[in-house]
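Biologist: Good morning. Could we go through this model together?
Modeller: Certainly; please begin wherever you wish.

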Amino acid sequence: MNKDKQIYGVDISKDVYDVCTPEGDLYQFKNSASGFKAFAKILSTKAHCVMEATGYYHFQLAYFLNNKGIAVSIINPLKIKRFIQMNLSKVKTDKSDAIWIMKYGKSQSLALWKGDSELMQENLQLTRLLSLYTKQSTQLKNKIHGESTLGNPSKVVVSSLKSQLKSLSKEIEKLESKLYENVKSAHQKSLTLLKSIPGIGEKTPISLIVLTDNFTRFDSYKGLCSYAGITPIIRESGSSVKGRPRISKMGNAKLRNLLFMCSFNACKFNTACRALFERLLAKGKSKKLALIAVCNKLLKQAFSIVKSGLPYDQNYRNVIK
């Protein structure tokens with residue numbers, strides 16, 4: 001509980017955000033610098049602002065409050081939704097959401113949001129842009145292939161597509177170089193340790209470090225696996241309902257996809273992962289389920305290696321078991 005804090009519930013949208021004070025008073029402010037300053041004027045010294053994670057819209061306010069020394073907690077929207085459902089509420093408006101967020105904050109133990117360093121923010125932006133450019137590059141390659149299958153492909157069209165692809169490839173190379181330099185300058189040891197894991201590859205360690213903030217956001221590998229959305233969900237009720245186990249897919253999709261791609265090489269070159277994969281197949285498990293288990297194993301290895309400061313050793317079971 002948060003008895004020593006005054007909880008403010010904040011429901012944010014693109015242009016405005018609604019606020020519910022600890023006393024239940026409601027305000028609305030613009031989601032802009034002027035709105036942030038106006039909001040700060042009504043906050044007490046013991047204020048603790050609770051808000052949902054809403055894509056990008058909550059970040060500017062969260063950093064503004066954090067820089068002012070005001071406590072901030074950012075909550076998964078699904079938790080707020082479940083909290084509202086548990087209280088049997090049928091009312092759904094922006095103002096009512098702010099009220100429920102305030103009530104949630106009062107009833108729960110809240111973890112403080114600390115934000116990212118400037119370097120970390122840049123790394124995340126670089127990662128997102130690289131993801132976008134990579135998708136565009138794939139689209140251009142597919143388009144070039146599609147045009148080449150025509151009986152009489154237009155030279156102008158093909159030339160334009162190839163020119164765009166060449167330009168995009170240069171940008172990707174430049175951004176990847178910058179991201180590597182950033183990660184290497186701040187986390188050289190972790191980068192070296194992660195590269196020692198068979199099956200991880202060259203680029204994956206960089207993404208792992210960026211997406212987990214060098215594994216500092218998690219106290220255990222189980223929390224990290226949950227963040228990646230690769231923890232199993234079991235659906236059973238009595239003797240009649242026995243759903244097939246599946247992964248949650250509620251975490252970071254980029255990290256999950258990254259691990260899944262690595263799992264194929266890990267089954268070939270990583271002794272522990274290969275043994276796990278073969279053992280599960282021998283038990284009659286599906287190939288996909290076995291690969292998900294390998295993803296968990298890889299993430300556990302990465303977490304253990306970075307936390308211990310010891311490189312991968314297939315015989316050192318205390319690190320990788």
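Biologist: Which residues does Asn123 touch, not counting residues up to four places away in sequence?
Modeller: This is a predicted model. In it, Asn123 touches Leu179, Asn182, Val183 and Val210, with residues up to four places away in sequence not counted.

Biologist: Where does Asn123 lie?
Modeller: Asn123 is part of helix H5, which covers residues 118-148.

Biologist: Is Asn123 buried or exposed?
Modeller: Asn123 has a relative accessibility of 4%, so it counts as buried, the cut-off for buried being under 20%.

Biologist: What separates the C-alpha atoms of Asn123 and Val183?
Modeller: A distance of 7.9 Å separates these C-alpha atoms, although Asn123 and Val183 are 60 residues apart along the chain.

Biologist: Let us change topic. Which helix holds Met102, and why does Met102 count as buried?
Modeller: Met102 belongs to helix H4, residues 94-107. Met102 counts as buried because its relative accessibility is 6%.

Biologist: Which residues is Met102 in contact with, leaving aside neighbours within four places in sequence?
Modeller: Those contacts are Ile7, Gly9, Cys20, Thr21 and Pro22. In addition, the C-alpha atoms of Met102 and Val19 are separated by 8.6 Å, with their positions 83 residues apart along the chain.

Biologist: And helix H2: which of its residues are buried?
Modeller: In H2, residues 59-67, the buried residues are Leu61, Ala62, Tyr63, Phe64 and Leu65. They pack against strands E1, E2, E4 and E5, and against helices H1 and H5.

Biologist: Which glycine follows H2?
Modeller: Gly69 follows H2, and its phi is positive, near 80°.

Key:
Residues are numbered from 1 along each chain as its sequence is written. This is a predicted model: local features need pLDDT of at least 70, side-chain atom pairs count only at pLDDT 80 or more; totals for chains, interfaces and linings use all residues. Side-chain values use heavy atoms; hydrogens and water are left out. Buried means under 20% relative accessible area, exposed over 50%, partly exposed in between (1.4 Å probe, protein chains only). Helices (H or I, at least four residues) and strands (E, at least two) are DSSP runs, numbered from the N terminus. Contact means heavy atoms within 4.5 Å.
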